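User: I would like to learn how to read local features in a structure, one at a time. Where should we begin?

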Amino acid sequence: MDLLNTLVDKGLRRELPTREEALAVLATSDDELLEVVAAAGKVRRHWFGRRVKLNYLVNLKSGLCPEDCSYCSQRLGSKADILKYTWLKPEEASKAAAAGVAGGAKRVCLVASGRGPTDRDVERVSKTIEAIKEGNEGVEVCACLGLLSDGQAERLRSAGADAYNHNLNTSEATYGDITTTHTYADRVDTVNKAHAAGLSACSGLIAGMGESDEDLVDVVFALRELDPDSVPVNFLIPFEGTPLAQEWNLTPQRALRILAMVRFVCPDVEVRLAGGREVHLRTLQPLALHLANSIFLGDYLTSEGQAGKADLEMLADAGFEVEGAGTTTLPEHRVDAAAAGGCGTGGGCGSGDVCGAPAEAGAPADAAAAAPGARPDLVAVRRRGAGTDLAPNA
């Protein structure tokens with residue numbers, strides 16, 4: 001297929017595809033799916049080999065968020081039956097993080113619900129970062145605390161944070177349909193603050209919220225322009241008790257096409273297979289590893305994920321290897337560009353809800369009322385790990 005040959009050539013050169021080419025990937029048929037995966041897989045292997053980076057989430061503070069993000073089970077007015085608790089103590093968070101590191105995670109993502117951190121919250125998280133770094137040599141720490149105020153990114157970096165996550169989630173044109181308590185521009189500003197502070201920026205999207213192909217391409221092109229090092233691709237988990245509980249718009253094939261499009265547009269960044277992979281990719285998860293070079297291990301913020309042991313078995317069976325702590329994730333040119341204060345993709349410089357993690361929203365109580373193809377049986381609220389007395393899934 002001429003389209004795919006063109007996209008592979010552009011991906012190997014880090015050249016931006018046209019919007020028409022990106023839209024064409026999403027429009028390919030199921031009969032062409034394996035060709036699409038194989039082509040995007042060439043780009044993935046060129047930049048990242050067969051390595052898969054493991055990331056582990058620690059939900060520092062769950063629920064009771066004042067923001068109204070429609071996809072989130074922790075949102076203002078959410079009736080989702082999730083765990084609700086206030087800040088974990090540094091030693092509690094460090095213990096939770098250690099479980100993920102023991103399972104093979106290279107990065108720990110610290111997430112807290114809320115609009116954004118107060119200065120006291122930043123101090124609290126700084127102590128948590130220090131505790132995790134002391135107990136787990138070589139681990140990367142990413143913070144995801146919502147909208148940042150001036151100077152907060154610098155303080156987090158001084159405490160030892162390596163990265164900051166804040167997702168764009170959807171296109172600028174439709175952002176107001178998803179959230180009204182903050183703006184798309186607010187999110188862009190926070191990603192830029194992370195960049196300016198010298199943190200590795202992590203920003204991604206949520207698919208399956210009823211968006212169009214054009215919306216998906218818009219947000220991925222916007223991410224290319226912002227130039228984060230990591231792009232988490234979340235698939236909406238429709239939780240009962242949230243406005244998007246009936247949005248079951250994805251098939252495994254559609255999810256793979258979305259991942260392939262992201263890889264072609266962002267060829268040399270860490271594309272992370274994030275929240276909702278188990279619900280929407282299901283038995284096709286191994287194919288997604290040919291597109292993404294990073295996944296979350298175990299559970300998410302408020303929903304349960306695939307068992308950590310099953311994740312590792314899946315990687316091994318599919319012929320991939322877990323990326324070790326001594327291996328640099330990003331290609332050398334991106335590392336060099338970051339050290340020089342510049343960008344690495346050839347694009348211009350420029351997620352409090354989810355840390356590139358669960359685009360969470362619960363299953364309809366009445367499965368008969370769900371859309372065709374809905375799988376509410378695959379959605380499980382997290383009842384273990386952080387904030388509970390039960391061992392975490394890692």
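Analyst: Begin with a loop: Asp227 sits between helix H9 (213-226) and strand E7 (230-235). Note that this is a predicted model.

User: What is the phi of Asp227?

Analyst: First the general idea: most residues other than glycine have a negative phi. Asp227 is not a glycine, yet its phi is positive, about 65°. Asp227 is also buried, because its relative accessible area is 3% and the limit for buried is under 20%.

User: Which residue in the loop between H11 and H12 should I look at next?

Analyst: Arg282 is found in that loop, between H11 and H12. Arg282 is not a glycine either, and its phi is positive, near 50°. Its relative accessible area is 26%, so Arg282 is partly exposed. A glycine with a positive phi can be seen at Gly319, just after H13, where the value is about 85°.

User: How do I read the two sides of a helix, and which residues of H13 are buried?

Analyst: An α-helix has 3.6 residues a turn, so residues three or four places apart point the same way. Helix H13 covers residues 308-317, and its buried residues are Gly308, Asp311, Met314 and Leu315. Viewed down the axis of H13, the buried residues fall within an arc of 120°, which means they line one face of the helix. The exposed residues on the other side of H13 are Lys309, Ala316 and Asp317.

User: What do the buried residues of H13 pack against?

Analyst: Their partners include three strands by name: E1 (51-61), E9 (294-296) and E10 (321-322). Helix H11 (277-280) and helix H12 (285-288) are also packed against by the buried residues of H13.

User: Next, charges. How many salt bridges are in the whole structure?

Analyst: Side chains of opposite charge can pair when their charged atoms come close. Over the whole structure, a search finds 24 salt bridges. One of these joins the side chains of Arg124 and Asp121, at 3.6 Å from N to O. Both residues belong to helix H5 (residues 119-135) and are 3 residues apart, about one turn of the helix.

User: Are Arg124 and Asp121 buried or exposed?

Analyst: They fall in two classes. Asp121 is buried, with a relative accessible area of 12%, whereas Arg124 is partly exposed at 24%.

User: Which residue does Arg272 pair with?

Analyst: The side chain of Arg272 forms a salt bridge with that of Glu270, at 3.2 Å from N to O. Arg272 is buried, with 0% relative accessibility, and Glu270 is buried with a relative accessible area of 3%. Through salt bridges that share partners, Lys53, Arg107, Glu140, Glu270 and Arg272 are joined into one network. Another pair is Glu278 and Arg277, whose side chains meet at 3.8 Å from N to O. Glu278 and Arg277 are both buried.

User: Now the empty space. How much lies in the largest cavity, and what lines it?

Analyst: The largest cavity holds about 100 Å³ of space. It is lined by 13 residues, and those closest to its centre are Tyr56, Leu57, Arg382, Gly385 and Ala386. E1 gives the largest share of the lining, 4 residues. Sorted by class, the lining of this cavity has 7 nonpolar, 3 polar and 3 charged residues.

User: And how do I read the second largest pocket: what is its volume?

Analyst: The second largest pocket has about 240 Å³ of space. Of its 13 lining residues, Glu92, Lys95, Ala96, Gly385 and Thr388 are the closest to its centre. The lining of this pocket has 6 nonpolar, 3 polar and 4 charged residues.

User: Last, how can I describe the surroundings of one residue, and what is Leu16 in contact with?

Analyst: Place the residue first, then list its contacts. Leu16 lies in the loop between helix H1 (2-12) and helix H2 (19-26). With a relative accessible area of 36%, Leu16 is partly exposed. Leaving aside neighbours within four places in sequence, Leu16 is in contact with Lys10, Phe221, Arg224 and Val265. Lys89 is 73 residues from Leu16 along the chain, and their C-alpha atoms are separated by 44 Å.

Technical notes. Residues are numbered from 1 along each chain as its sequence is written. This is a predicted model: local features need pLDDT of at least 70, side-chain atom pairs count only at pLDDT 80 or more; totals for chains, interfaces and linings use all residues. Side-chain values use heavy atoms; hydrogens and water are left out. On a 1 Å grid over the protein atoms alone, a cavity is a set of points where a 1.4 Å probe fits but cannot get out, and a pocket is an open set with protein on both sides within 12 Å along at least five of seven lines; lining residues have an atom within 4 Å of a point. Grid points are joined across faces, edges and corners, and a volume is the space filled by probe spheres set on the points. Ala, Val, Leu, Ile, Met, Phe, Trp, Tyr, Cys and Pro count as nonpolar, Asp, Glu, Lys and Arg as charged, and the others, Gly among them, as polar. A salt bridge is a side-chain nitrogen of Lys or Arg within 4 Å of a carboxyl oxygen of Asp or Glu. Buried means under 20% relative accessible area, exposed over 50%, partly exposed in between (1.4 Å probe, protein chains only). The arc is that of the directions from the helix axis to the C-beta atoms. Contact means heavy atoms within 4.5 Å.
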